[in-house]
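Visitor: I have a new model open and would like to learn how to read it, feature by feature. Could you walk me through it?

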Amino acid sequence: MNSHNDIFIDIGHELMEAIQDSRERGTTLGTTGMGADGTSTSILDQLCEDIIIRRIIEEDLPYNIVSEEIGKVNRNYQENLVIDPLDGTFNAENEIPFYSMSVAIMGEDFNNLMGAFVMDLASGSYYHATRKGGAYKNNKKINVSGKPRSAFIISTGLVGGIPEYLMFPKGRFRILGCASLEMSLVAEGVFDLMAYVGEKKAIRNVDIAASTLLVREAGGFVMNEQLKDLNMGLSLLEKSQVIAVSNRDLVVKKH
């Protein structure tokens, strides 16, 4: 992904400007139809995706496209860009400064993730990783937390019904609403664990493809609810529960 970082940084800045322009015009709320993932497409989702697809084509990046709203665009390449143009749409619509653009380079599944780029579209900070090349924030190498803390810092998509093995005696829980950035914070060592688990908390591949590689390259682990290494394919209809953690010992069943 390093060879394309400058392009994606530039695209991210274009998205930031477009979102701000939409706010100033008062056109951030509402939907435009149904996306390829079977959920409604918001105005901001469509705005961001249109910009990203246009830029990919203009830059002639050598990948097929798998994106939240448009679905899969076969451009006759071997690798795919798996994209969430706007993760944390509710946050963006309501000016909560925690939403992102997420882009992964991968083959047919997460076992073949090759590159990752996640930009915080509120601040402009970005994360990137390449397979076996480490994880970085703004070009500074990052690693998962290896330090003892007074309390485990946990991000979760749940208000209640948290599985027993995630109920730490000194856990401090936060719900932030943007899975790709929450996982990036695990990679950075800010959070110890991020979990979207439970019957109604499955996550799509586009949401977490890039941040899965970030966490793994930073020394962490990304698993499903069975505590097995997470692997997802290219279908936008596929969903999975996800746990990103700095250390496997934090989620063994003994808890």
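Visitor: Let me begin with a side chain. Which backbone oxygen lies 2.7 Å from a polar atom of the side chain of T212?

Guide: A good place to begin, with one caution: this is a predicted model. The backbone oxygen is that of I208, and the side chain of T212 places a polar atom 2.7 Å from it. T212 itself sits in helix α5, which covers residues 205-217.

Visitor: Is T212 buried or exposed?

Guide: Here the idea is a cut-off: a residue counts as buried when its relative accessible area is under 20%. T212 has 0% relative accessibility, so it counts as buried.

Visitor: What is T212 in contact with, beyond its neighbours within four places in sequence?

Guide: Contact here means heavy atoms within 4.5 Å. On that basis T212 is in contact with F110, L113, M183, V222 and L230.

Visitor: Where is S42, and which backbone nitrogen does its side chain reach?

Guide: S42 belongs to strand β2, residues 40-42. The side chain of S42 reaches the backbone nitrogen of D45, at 2.9 Å. S42 is also buried, because its relative accessibility is 6%.

Visitor: Let us turn to backbone angles. Which sign does phi have at K132?

Guide: The thing to look for is a positive value in a residue other than glycine, and K132 is such a case, with phi near 65°. K132 is in the loop that runs between β8 (126-130) and β9 (135-137). With a relative accessible area of 77%, K132 is exposed.

Visitor: And what is phi near at L227?

Guide: Phi of L227 is near 65°, again a positive value in a residue that is not glycine. L227 lies in the loop between β15 (221-223) and β16 (239-240). Whereas K132 is exposed, L227 counts as buried, at 18% relative accessibility.

Visitor: Now for sequence separation against distance in space. How far apart are E108 and M232 in space?

Guide: The habit to learn is to set the two separations side by side. E108 and M232 are 124 residues apart in sequence, and their C-alpha atoms are 8.6 Å apart in space. E108 is located in the loop between β6 (100-106) and β7 (113-120). Setting aside residues up to four places away in sequence, E108 touches N80, M232, G233 and L234.

Visitor: What separates the C-alpha atoms of D21 and F152?

Guide: Those two are 131 residues apart along the chain, and their C-alpha atoms are separated by 39 Å. D21 is part of helix α1, residues 5-25. As its relative accessibility is 37%, D21 counts as partly exposed.

Visitor: What about R54 and H4: how far apart are their C-alpha atoms?

Guide: They are 15 Å apart, with the two positions 50 residues apart along the chain. R54 lies in helix α2 (residues 43-59), and with a relative accessible area of 35% R54 is partly exposed.

Visitor: Which residues does E79 touch, not counting those up to four places away in sequence?

Guide: E79 touches Y63, N64, I105, M106 and M114. E79 is in the loop between β4 (71-73) and β5 (80-87), and it counts as partly exposed, at 30% relative accessibility. The C-alpha atoms of E79 and L121 are separated by 25 Å, for 42 residues along the chain.

Visitor: Let us step back to the whole chain. How many helices and strands are there?

Guide: The chain has five helices and 17 strands. Of the contacts with a separation of 6 or more, 59% are between residues 24 or more positions apart.

Visitor: What radius of gyration would a compact globule of 255 residues have, and what does the chain have?

Guide: The approach is to compare with a rule for globules. For 255 residues a compact globule would be near 18 Å, and the chain has 17 Å, which agrees. Along the principal axes, the C-alpha atoms fill a box of roughly 50 × 40 × 35 Å.

Visitor: Finally, what can I say about burial, surface and charge?

Guide: Buried residues are 56% of the 255. The accessible surface is about 11200 Å², with 49% of it belonging to carbon and sulfur atoms. The chain holds 25 positive and 34 negative charges, whose mean positions are 9 Å apart.

Definitions and conventions: Residues are numbered from 1 along each chain as its sequence is written. This is a predicted model: local features need pLDDT of at least 70, side-chain atom pairs count only at pLDDT 80 or more; totals for chains, interfaces and linings use all residues. Side-chain values use heavy atoms; hydrogens and water are left out. Helices (H or I, at least four residues) and strands (E, at least two) are DSSP runs, numbered from the N terminus. The radius of gyration is taken over C-alpha atoms; the globule rule is 2.2 Å times the number of residues to the power 0.38. Buried means under 20% relative accessible area, exposed over 50%, partly exposed in between (1.4 Å probe, protein chains only). Accessible areas come from the Shrake-Rupley method with a 1.4 Å probe; for residues, only the protein chains shown count as cover. Lys and Arg count as positive and Asp and Glu as negative; His and the chain ends are not counted. The place of a charge is taken as NZ of Lys, CZ of Arg, CG of Asp or CD of Glu. A polar contact is a pair of N or O atoms within 3.5 Å; within protein, one must be able to donate a hydrogen and the other to accept it, and residues adjacent in sequence count only if both atoms are side-chain atoms.
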